[in-house]
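Here is a short briefing on a protein chain. Look over the sequence and the fold before reading on.

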Amino acid sequence: SQGLPRCTDQAAMRPPLRQHALAVRGGGPAEPDLHIAGKLFPALRKTVISGERLSEALAKVLDAAALADLAVIAALWLLADPLLRGWRRLHREARAAPWDRSFARLWARGLRRLAATMGALYVLDLGCLAAQTMGVPLGRDDVPLLAASFLYPVWFGRLASNIKRRALRVYPSREGPVAPNGDGKVLVYDRLCDVALAVFVGVVILELLSLELGVAFASLVAVSGASSVVVALACQEPLKHVINGLLLTFSDKFRPGDEISFGDVAGTVVNWGWFDTKIRQYNERTVVVPNGQIMNSKLINISRQRWGQYKTELRLRLEDGPIMDEVVAAIRKAVAPHAISRDRNVWVHWRRIDRDALVVVVDVKLPVPSGTTAYHELVERLNANIVRAIKEAEADLCLPTSRRI
């Protein structure tokens with residue numbers, strides 16, 4: 001017996017992990033070295049491992065779960081779509097607009113989202129009940145009520161936003177019913193309604209949370225008012241871009257899809273955001289420009305131009321002076337069929353005599369807007385006609401010389 005180690009010696013010879021396991025099971029005085037799980041691990045050791053509390057929590061969850069509530073949620077999820085389709089058929093609204101573009105489809109989607117929200121809150125309520133039964137610390141007993149105070153107003157705001165957007169799609173404008181992004185004023189109304197809905201939903205959430213948490217909403221506004229000055233100063237530049245974006249949309253200077261030009265930027269408007277605008281340039285590169293920069297620039301909307309201008313300066317030889325009348329008449333005859341002379345004359349004139357050339361200026365109005373593909377094709381045709389007319393008049397363009405100053 002003297003050769004065998006004692007029990008205390010065996011305990012001292014055990015590795016630290018073994019001693020820690022014995023301490024967890026109550027077999028030793030060692031203190032567990034817990035860091036991250038220092039609070040969570042003891043709670044799980046006292047609750048989840050206990051079979052009695054687990055069975056008690058399961059029994060309470062089964063008693064609290066009512067089949068009638070689950071049936072209502074499932075019926076709302078499954079029957080919202082077919083019931084509203086049948087209602088449209090009974091009222092003969094299916095012929096007015098297809099299902100994908102109807103208000104009934106929006107209500108069906110909204111009711112299905114309501115059912116999903118109700119189901120999530122129901123599961124959360126049962127989970128909190130089971131956690132409280134097993135002794136898991138939640139901090140508050142009204143977690144499901146707080147979640148409901150947030151989720152239900154968000155659901156209502158989302159449904160109202162979708163209905164608002166659908167209503168704006170049939171907004172009467174000069175071009176007829178258009179999408180919200182098709183008319184500048186409609187886009188302004190859409191964004192202002194979104195802001196109003198966001199403020200309304202936020203106020204409702206704060207009011208409901210104040211009832212549950214016991215914090216007065218007025219005091220919260222008073223406290224936040226002191227910090228609003230600092231926030232306003234920090235957000236001065238983004239707010240300026242937002243205001244300029246609203247002014248751009250309300251003035252209807254351009255729309256998504258228009259071809260615009262300002263400064264050194266020219267291209268097609270791809271997206272029109274709150275803070276900036278994305279423009280796809282002619283080299284297929286997309287540039288993001290702040291709305292404030294666009295508002296302060298001289299902008300040309302190429303897509304809204306109805307006419308174009310062709311202006312060029314021709315330099316003919318000095319020896320062609322005796323036949324300049326015939327040359328000018330031939331050039332005027334070549335450009336007249338492609339120009340508009342209704343409210344403007346076809347300007348083809350011999351303007352001046354330089355040291356090395358006779359200068360003829362051609363300035364006409366074209367029936368296509370500048371910058372478009374049709375405009376460049378028409379300019380190419382006019383250039384060919386002018387060169388051909390000069391040759392037919394037995395004249396020629398002069399070569400540049402060192403005397404041209």
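Two strands count as paired if DSSP finds at least two bridges between them. On that basis, β7 and β8 form a hairpin, with four residues between them. The model is predicted. The points below cover the whole chain, one sheet, its helices, its salt bridges and a surface patch.

**Whole chain**

- The protein chain holds 13 helices and eight strands.
- Of its 405 residues, 31% count as buried.
- The chain exposes about 26000 Å², and carbon and sulfur atoms supply 61% of that area.
- Take the contacts between residues at least 6 apart in sequence: 62% of them join residues at least 24 apart.

**The three-stranded sheet**

- Three strands make up an open sheet, in the order β6-β8-β7, with antiparallel pairing.
- β6 (308-316) and β7 (347-353) are the edge strands, and each pairs on one side only.
- Neighbouring strands here are turned against each other by 20 degrees on average, direction ignored.
- β6 and β8 pair in the antiparallel sense over nine bridges.
- T312 has V362 in β8 as its bridge partner.
- β7 is joined to β8 (residues 358-366) by six bridges, and these two strands also run antiparallel.
- W350 has V360 in β8 as its bridge partner.
- For R352, the bridge partner in β8 is V359.

**How β8 is covered**

- Is β8 mostly covered or mostly open? Strand β8 is mostly covered: nine of its nine residues are buried.
- The cover applies to both faces of β8.
- One side carries L358, V360, V362, V364 and L366, all buried.
- The other side carries V359, V361, D363 and K365, also all buried.
- V362, the bridge partner of T312, and V360, the bridge partner of W350, are thus among the buried residues of β8.

**Helices on the sheet**

- Helix α12 (residues 324-335) lies across β6, β7 and β8.
- Its direction runs at about 145 degrees to β7.
- Helix α13 (residues 373-392) packs on the sheet and touches β6 and β8.
- The direction of α13 makes about 30 degrees with that of β6.

**Salt bridges**

- Side chains of opposite charge can pair when their charged atoms come close.
- The structure holds eleven salt bridges.
- R315 forms one of them with D354, with the closest N and O atoms 2.9 Å apart.
- This pair links distant parts of the chain: R315 is in strand β6, D354 is in the loop between β7 and β8, and 39 residues separate them.
- R315 counts as buried because its relative accessibility is 12%, and the cut-off for buried is under 20%.
- D354 has a relative accessible area of 22%, so D354 is partly exposed.
- R315 also forms a salt bridge with D356, with the closest N and O atoms 2.8 Å apart.
- Here too, distant parts of the chain are linked: D356 is in the loop between β7 and β8, 41 residues from R315 in strand β6.
- Both R315 and D356 are buried.
- D320 forms a salt bridge with R317, and their closest N and O atoms are 3.0 Å apart.
- D320 is buried because its relative accessible area is 3%.
- R317 is partly exposed because its relative accessible area is 26%.
- Which residues are joined into one network by salt bridges that share partners? The network consists of E313, R315, R352, D354 and D356.
- R352 thus appears in this network and also bridges to V359 in β8.

**A nonpolar surface patch**

- W77, L78, L79 and L83 form a nonpolar patch on the surface.
- Together these residues have about 430 Å² of accessible area.
- L79 is found in helix α5 (residues 67-90).
- Why does L79 count as partly exposed? The relative accessibility of L79 is 43%, and partly exposed covers the range between the buried cut-off of under 20% and the exposed cut-off of over 50%.

Notes: Residues are numbered from 1 along each chain as its sequence is written. This is a predicted model: local features need pLDDT of at least 70, side-chain atom pairs count only at pLDDT 80 or more; totals for chains, interfaces and linings use all residues. Side-chain values use heavy atoms; hydrogens and water are left out. Axes are lines fitted to C-alpha atoms, for helices over the stretch in contact, and angles run from 0 to 180 degrees between N-to-C directions. Contact means heavy atoms within 4.5 Å. Patches are made of residues with over 30% relative accessible area and no salt bridge: like charges are joined within 9 Å, nonpolar side chains (Val, Leu, Ile, Met, Phe, Trp, Tyr) within 5 Å. Accessible areas come from the Shrake-Rupley method with a 1.4 Å probe; for residues, only the protein chains shown count as cover. A salt bridge is a side-chain nitrogen of Lys or Arg within 4 Å of a carboxyl oxygen of Asp or Glu. Buried means under 20% relative accessible area, exposed over 50%, partly exposed in between (1.4 Å probe, protein chains only).
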